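Hi,

Here is the structure I promised to pass on to you. Have a look at it first, and then read on for what I found in it.

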Amino acid sequence: MATVEFDKSAFEAAIVAEDSFVLIDFWAEWCGPCRQFGPIFERVSEKHPDITFAKVDTDKEQELSAMAGIKSIPTLMMFRDGVLLFNQAGAAPESALEDIIAQARKLDMD
């Protein structure tokens, strides 16, 4: 699945959806590390079609970014079944992103 753009309503709907698994990249066009991380995020999204990979442009979605407590970009958040499992600022290498996903898949969400 390719990445999708999230606004506040899409964010809220995806997070509370039953059996949801969502990775969100908070980014901005002017951010160098964000531009470096973007292709990694896109490549990994293609390997995991069962996960929603979303991007939030912090310049366009300032209310959502504030609501999510974004203080630095890029920031990666991962939600599974409505639970925040991961929240970290900084670009991650592809191997680290794959590891984060693998660890989240192993969790018993019951």
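The sheet in this predicted model is open and has five strands, in the order E1-E3-E2-E4-E5, with mixed pairing. Its edge strands are E1 (residues 4-5) and E5, each of which pairs on one side only. Further in, E2 and E4 run antiparallel and are joined by six bridges. If you want a spot to zoom in on, take isoleucine 24, whose bridge partner in E4 is methionine 77.

Two helices that pack on this sheet are worth a look. H2 touches E2, E3 and E4, and its direction makes about 160° with that of E3. H4 touches E2, E3, E4 and E5, and the angle between its direction and that of E4 is about 20°.

I spent some time on H4, which covers residues 94-106. With 13 residues at 1.5 Å a residue, H4 should span 18 Å, and its end C-alpha atoms are 19 Å apart, which agrees. Which residues of H4 are buried? They are Glu94, Leu97, Ile100, Ile101 and Ala104. Looking down the axis of H4, you will see these buried residues fall within an arc of 125°, so they line one face of the helix. On the face turned away from that buried side, H4 carries the exposed residues Ser95 and Lys106. As for what covers the buried residues of H4, the list includes strands E2 (21-27), E3 (52-57), E4 (75-80) and E5 (83-89), along with helix H2 (32-47).

Next, the cysteines. The count of disulfides comes to one: cysteine 31 and cysteine 34 form it, with their sulfur atoms 2.5 Å apart. The torsion about the S-S bond of this pair is about 75°, so the disulfide is right-handed. Are these two cysteines buried or exposed? Both cysteine 31 and cysteine 34 are buried.

One last residue to look up is proline 39, which lies in helix H2. Proline 39 has a relative accessible area of 43%, which makes this residue partly exposed. From proline 39 to glutamate 18 you would count 21 residues in sequence, and their C-alpha atoms are 28 Å apart in space.

Let me know what you think once you have had a chance to turn the model around yourself.

All the best

Notes
Residues numbered from 1 in each chain as written. Predicted model: local features only at pLDDT ≥ 70, side-chain atom pairs only at ≥ 80, totals over all residues. Heavy atoms only, no water. Helix = DSSP H or I, 4+ residues; strand = E, 2+ residues; numbered from the N terminus. Expected span 1.5 Å × (residues − 1). Buried < 20%, exposed > 50% of the residue type's maximum accessible area, 1.4 Å probe, protein only. Arc of directions from axis to C-beta. Contact = heavy atoms within 4.5 Å. Disulfide = S-S within 2.5 Å. Pairing = 2+ DSSP bridges. Axes fitted to C-alpha atoms, helices over the stretch in contact; angles between N-to-C directions.
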